[in-house]
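Student: I would like a close look at a single part of this model, with its surroundings followed outward from there. Please take one buried site and connect it to the rest.

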Amino acid sequence: MTTLRILEPVPRVTPLTDPVVLPRGSVEPSAPARHRAALPPRHLADLDLAGRRALGVSLGEPAMRASQLSHHYFGRLVRDPAAMTDIPLAARERLVDGMMPQLLTAVRELECDGGATRKSVWRLHDGSLVESVLMAYSDRVTACVSSQAGCGMACPFCATGQAGLTRNLSTAEIVDQVVWLAGVAVRGLGPEVPARLSHVVFMGMGEPLANYARVVEAVRRLIAPPPEGLEARTMALAEQIASHAPITIQVTKEAIRRILESRRVAAQDDLVVKAYMSKDFAEGVRAFLEKRKPVWTGQ
Ligand code: SF4
C-alpha cells in the first residue's frame with residue numbers, strides 16, 4: 001500500500017520560482033546562470049571544524065560554541081535551539097541563525113512497503129525541489145540522496161534528466177538530507193529495523209560525479225566523528241564507485257570529459273548505449289535480481 005502525505009500543496013515536482021534550467025549536457029552554469037542559481041546561505045556543514053570555529057568567532061562567540069553547535073547537529077541530530085541547553089540562551093538563536101540556516105523544507109512525503117521505504121521531497125531556498133529516499137531493511141538502513149537539483153546528463157529513460165540541470169547542491173544541502181534521514185532512522189522504523197542509518201548512496205537526483213568537489217566534501221562530513229561530522233557507517237562515494245561496473249565508471253568519466261569539451265560524438269559512439277547494452281550492465285541487473293554480488297568483466 002502506498003501512503004502519500006502532503007505537507008504543503010505542490011503542483012509539480014519541478015522548480016517553483018523562476019528556475020535556471022540549463023541546456024541538456026551542461027555541467028557548470030554559465031556566468032549569468034551562476035549568478036541567478038545562487039547557492040544557499042552558508043551552513044556549518046559546508047565547513048570543516050576549523051572553519052566553523054572561525055565563523056563562530058566572527059559572530060562574536062567563543063570558538064568552542066561552534067563545536068557545541070556541531071555536536072548538536074551531527075552528534076545529537078538536534079536543530080531546535082531550545083534543546084541546546086549547554087549553550088547560553090542569549091547565544092543560541094544567534095548561533096543557529098548564523099550557522100544553521102534552514103536549507104530543506106519538507107513539502108511531500110511518500111511511504112510504501114508499510115513505511116519501510118520513505119520518499120521525501122524538499123524545497124530548497126531558491127524554490128528548487130529535490131528528493132531523498134530512506135530504505136529500511138532488517139540488516140541496514142539506507143539513505144539515498146540527491147547531489148544536484150535536476151540533472152544535465154539527459155539519460156533518455158529518466159524524468160529528472162529530461163528537465164535539465166537547475167544547479168549543483170551545496171555540500172550542506174547534501175549533508176542535511178542525510179542528517180534529516182538519520183534522525184528519522186533514530187526515531188525508529190520498526191521492530192526489525194536497526195535504529196541507525198548505515199548506508200548512504202548518491203542515487204537521488206543528479207550525477208554525483210558532475211558535482212564532485214561538493215559531494216566529496218559531503219562524504220568527509222558524513223564519515224568524520226562528531227563534532228566534525230556524522231560518523232555514519234556510510235557506504236560512501238568511494239565504495240559506491242568501487243561497486244560500480246568498470247564499464248559504467250569508464251563511460252561516466254568519458255561523458256563528463258565530453259560535456260566539458262562540448263565535443264560532438266558520432267551516433268555509433270553513444271555512451272548510454274555503450275553502458276546499458278554492456279555485458280556488465282546485464283550482469284548487474286542479474287546480480288541484483290538474484291541478490292548476489294556482481295562479477296564485473298569490464299565488457
Ligand atoms: S545521471 Fe541519473 S539523474 Fe541524471 S539523467 Fe541520468 S539517471 Fe537521471
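Tutor:
**A histidine and the helices around it**

His43 is placed in the loop between α1 (31-36) and α2. The model is a predicted one, and every value below is computed from it. With a relative accessible area of 2%, His43 is buried. Leaving aside residues up to four places away in sequence, the contacts of His43 are Tyr73, Met99, Met100, Pro101, Leu103 and Ala172.

Tyr73 leads to helix α3, where it is among the buried residues. The others that are buried in α3 are Arg65, Ala66, Ser67, Gln68, Leu69, Ser70, His72 and Phe74. Their cover includes α2 (49-58), α4 (89-99), α6 (171-187) and α7 (212-223). The length of α3 can be checked against its residue count. The helix runs over residues 63-75, which makes 13 residues, and at 1.5 Å a residue these should span 18 Å. The end C-alpha atoms of α3 are 18 Å apart, so the expected and modelled spans agree. After α3 comes Leu77, with a positive phi near 60°.

Ala172, another contact of His43, leads to α6, which covers residues 171-187. Of the 17 residues in α6, 14 are buried, so the helix is mostly covered. The same check on length applies here. At 1.5 Å a residue the 17 residues of α6 should span 24 Å, and the end C-alpha atoms are 25 Å apart, which agrees. Gly188 follows α6 and has a positive phi, near 105°.

Met99 is a further contact of His43, and α4 covers residues 89-99. Helix α4 also holds Arg94, whose side chain meets that of Glu61 in a salt bridge, with N to O at 2.1 Å. Glu61 sits in the loop between α2 and α3 while Arg94 is in helix α4, so this pair ties together parts that are 33 residues apart in sequence. The two partners differ in exposure: Glu61 has a relative accessible area of 10% and is buried, whereas Arg94, at 39%, is partly exposed.

Helix α7, which is included in the cover of α3, has a salt bridge between Arg221 and Glu217, with the closest N and O atoms 2.7 Å apart. These residues are 4 apart in helix α7, so about one helical turn separates them. Arg221 counts as buried at 3% relative accessibility, and Glu217 counts as partly exposed at 23%. Elsewhere, salt bridges that share partners join Glu61, Arg65 and Arg94 into one network. Arg65 is also one of the buried residues of α3.

The structure holds 9 salt bridges. One of them joins the side chains of Asp139 and Arg140, at 3.2 Å from N to O. Asp139 counts as exposed at 55% relative accessibility, while Arg140 has a relative accessible area of 29% and is partly exposed.

Turning to the ligand, the residues that surround it are Cys151, Met153, Ala154, Cys155, Phe157, Cys158, Gly161 and Gly206. This shell divides into 6 nonpolar residues, 2 polar and no charged. Cys151 counts as buried, at 9% relative accessibility. Ala154 is partly exposed, with a relative accessible area of 24%. Its position is in the loop between β6 (148-150) and α5 (159-162). Ala154 is not a glycine, yet its phi is positive, about 60°. Cys144 counts as buried, at 9% relative accessibility. The structure holds 0 disulfides.

Two further backbone features complete the account. Asp113, in the loop between β2 (105-112) and β3 (117-123), has a positive phi near 55° and is a residue other than glycine. At 54% relative accessibility Asp113 counts as exposed. Pro226 and Pro227 are joined by a cis peptide bond, with omega about 5°. Pro227 belongs to the loop between α7 and α8 (237-243).

Note on methods: Residues are numbered from 1 along each chain as its sequence is written. This is a predicted model: local features need pLDDT of at least 70, side-chain atom pairs count only at pLDDT 80 or more; totals for chains, interfaces and linings use all residues. Side-chain values use heavy atoms; hydrogens and water are left out. Helices (H or I, at least four residues) and strands (E, at least two) are DSSP runs, numbered from the N terminus. The expected span of a helix is 1.5 Å times one less than its number of residues. Buried means under 20% relative accessible area, exposed over 50%, partly exposed in between (1.4 Å probe, protein chains only). Contact means heavy atoms within 4.5 Å. A disulfide is a pair of cysteine sulfur atoms within 2.5 Å. A salt bridge is a side-chain nitrogen of Lys or Arg within 4 Å of a carboxyl oxygen of Asp or Glu. A residue is near a molecule or strand if one of its heavy atoms lies within 4 Å of it. Ala, Val, Leu, Ile, Met, Phe, Trp, Tyr, Cys and Pro count as nonpolar, Asp, Glu, Lys and Arg as charged, and the others, Gly among them, as polar.
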